[in-house]
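Let's go through a few labels one at a time and ask what stands behind each. Have a look at the model first.

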Amino acid sequence: MSQTVLDGLKDLIANHLDVNADLADLHEDTNLLDGDSFHLDSIAIMGLIALIEERFNFQFGEDELNLEPFQSLKTLADFVSSKIASDSH
């Protein structure tokens with residue numbers, strides 16, 4: 001996982017999604033789906049997918065449109081980092 005990717009995801013969630021998330025409260029282990037103080041609903045996830053595709057310049061494959069990458073910020077950053085790496089080859 002790249003720290004740059006993690007920081008970019010935090011920025012997208014805190015500053016570009018309408019989800020009342022504070023950048024300071026977003027950490028690598030933040031649960032994105034079932035968090036105590038914060039979670040993403042299906043509309044927010046779809047918005048985040050669009051923002052990720054635009055920011056990191058790749059497309060989610062049809063088979064990748066599931067909740068697995070969205071378990072935590074770390075799992076999402078790992079997924080995005082792997083997509084960036086595979087697209088650069």
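Q: Why is Ser-81 called buried?
A: Keep in mind that this is a predicted model. Ser-81 has a relative accessible area of 16%, and buried means under 20%, so Ser-81 earns the label.

Q: Where is the place of Ser-81?
A: You will find Ser-81 in helix H3, which covers residues 73-87.

Q: What makes the pair formed by the side chain of Ser-81 and the backbone nitrogen of Ser-2 a polar contact?
A: The side chain of Ser-81 reaches that nitrogen of Ser-2 at 3.3 Å, and the cut-off for such a pair is within 3.5 Å.

Q: Which residues does Ser-81 touch, not counting those up to four places away in sequence?
A: Ser-81 touches Met-1, Ser-2 and Val-5.

Q: How do you know that Asn-20 counts as exposed?
A: Its relative accessibility is 77%, and exposed means over 50%, so Asn-20 belongs in that class. Asn-20 sits in the loop between helix H1 (3-16) and helix H2 (42-56).

Q: What makes the phi of Asn-20 worth a second look?
A: Asn-20 has a positive phi of about 55 degrees, yet it is not a glycine. Most residues other than glycine have a negative phi.

Q: Why is Asn-57 called exposed?
A: The relative accessible area of Asn-57 is 68%; exposed begins over 50%, so the name fits. Asn-57 lies in the loop between H2 and H3.

Q: What is the phi of Asn-57?
A: The phi of Asn-57 is near 60 degrees, a positive value in a residue other than glycine.

Conventions:
Residues are numbered from 1 along each chain as its sequence is written. This is a predicted model: local features need pLDDT of at least 70, side-chain atom pairs count only at pLDDT 80 or more; totals for chains, interfaces and linings use all residues. Side-chain values use heavy atoms; hydrogens and water are left out. Helices (H or I, at least four residues) and strands (E, at least two) are DSSP runs, numbered from the N terminus. Buried means under 20% relative accessible area, exposed over 50%, partly exposed in between (1.4 Å probe, protein chains only). A polar contact is a pair of N or O atoms within 3.5 Å; within protein, one must be able to donate a hydrogen and the other to accept it, and residues adjacent in sequence count only if both atoms are side-chain atoms. Contact means heavy atoms within 4.5 Å.
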